[in-house]
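Hi everyone, thanks for making time. I'll put a small protein on the screen, and we'll walk through it together.

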Amino acid sequence: MSTSDTEAAVGYLVKRVQQSLRRRCDAALRPTGLSMAQYAALRALAELPDASASDLARRCFVTRQSL
């Protein structure tokens with residue numbers, strides 16, 4: 001297995017773990033009516049109540065427009 005094959009395999013596994021975590025989080029949040037994006041924004045606001053929209057967008061890994 002070459003280095004690029006190994007990197008691709010690791011990247012693939014990381015993506016699979018991320019997708020699994022996302023599904024579990026979505027399932028856990030479903031009863032509250034919140035999406036993962038909404039939860040992330042609320043969590044960021046709880047940690048930084050005076051944050052600007054740009055700061056919140058960066059913390060939530062979204063664009064300012066989509067925030």
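**A quick tour**

Let's start with the surface. Buried residues come to just 10% of the 67 residues in this protein. Keep in mind that what you see is a predicted model.

Okay, so what is it built from? There are three helices and zero strands, and reading from the N terminus the order is α-α-α.

Now, the overall dimensions. Along its principal axes, the C-alpha atoms fill a box of roughly 50 × 30 × 20 Å. The radius of gyration is 16 Å, whereas a compact globule of 67 residues would be near 11 Å.

And what does the outside look like? The accessible surface is about 5500 Å², and carbon and sulfur atoms account for 58% of that. As for charge, you'll find 10 positive and 6 negative side chains, with the centres of the two sets 8 Å apart.

Right, let's go inside. Which residues make up the largest nonpolar core? It's five residues: A41, A44, A51, L56 and C60. Two helices, α2 (36–47) and α3 (53–60), each supply at least two residues of that core. As background, nonpolar side chains in soluble globular proteins tend to be buried together.

One residue to find on your screen is C60. Leaving out residues up to four places away in sequence, C60 touches A40, A41 and A44. Of those, A41 and A44 belong to the core too, along with C60 itself.

So, to recap: three helices, 10% of residues buried, and a largest nonpolar core of five residues. Thanks, that's my bit!

Note on methods: Residues numbered from 1 in each chain as written. Predicted model: local features only at pLDDT ≥ 70, side-chain atom pairs only at ≥ 80, totals over all residues. Heavy atoms only, no water. Helix = DSSP H or I, 4+ residues; strand = E, 2+ residues; numbered from the N terminus. Rg over C-alpha atoms; globule rule 2.2 N^0.38 Å. Buried < 20%, exposed > 50% of the residue type's maximum accessible area, 1.4 Å probe, protein only. Areas by Shrake-Rupley, 256 points an atom, 1.4 Å probe, with all protein chains shown as cover. Lys, Arg positive; Asp, Glu negative; His and termini not counted. Charge placed at Lys NZ, Arg CZ, Asp CG, Glu CD. Core = buried A, V, L, I, M, F, W, Y, C linked by side-chain atoms within 4.5 Å. Contact = heavy atoms within 4.5 Å.
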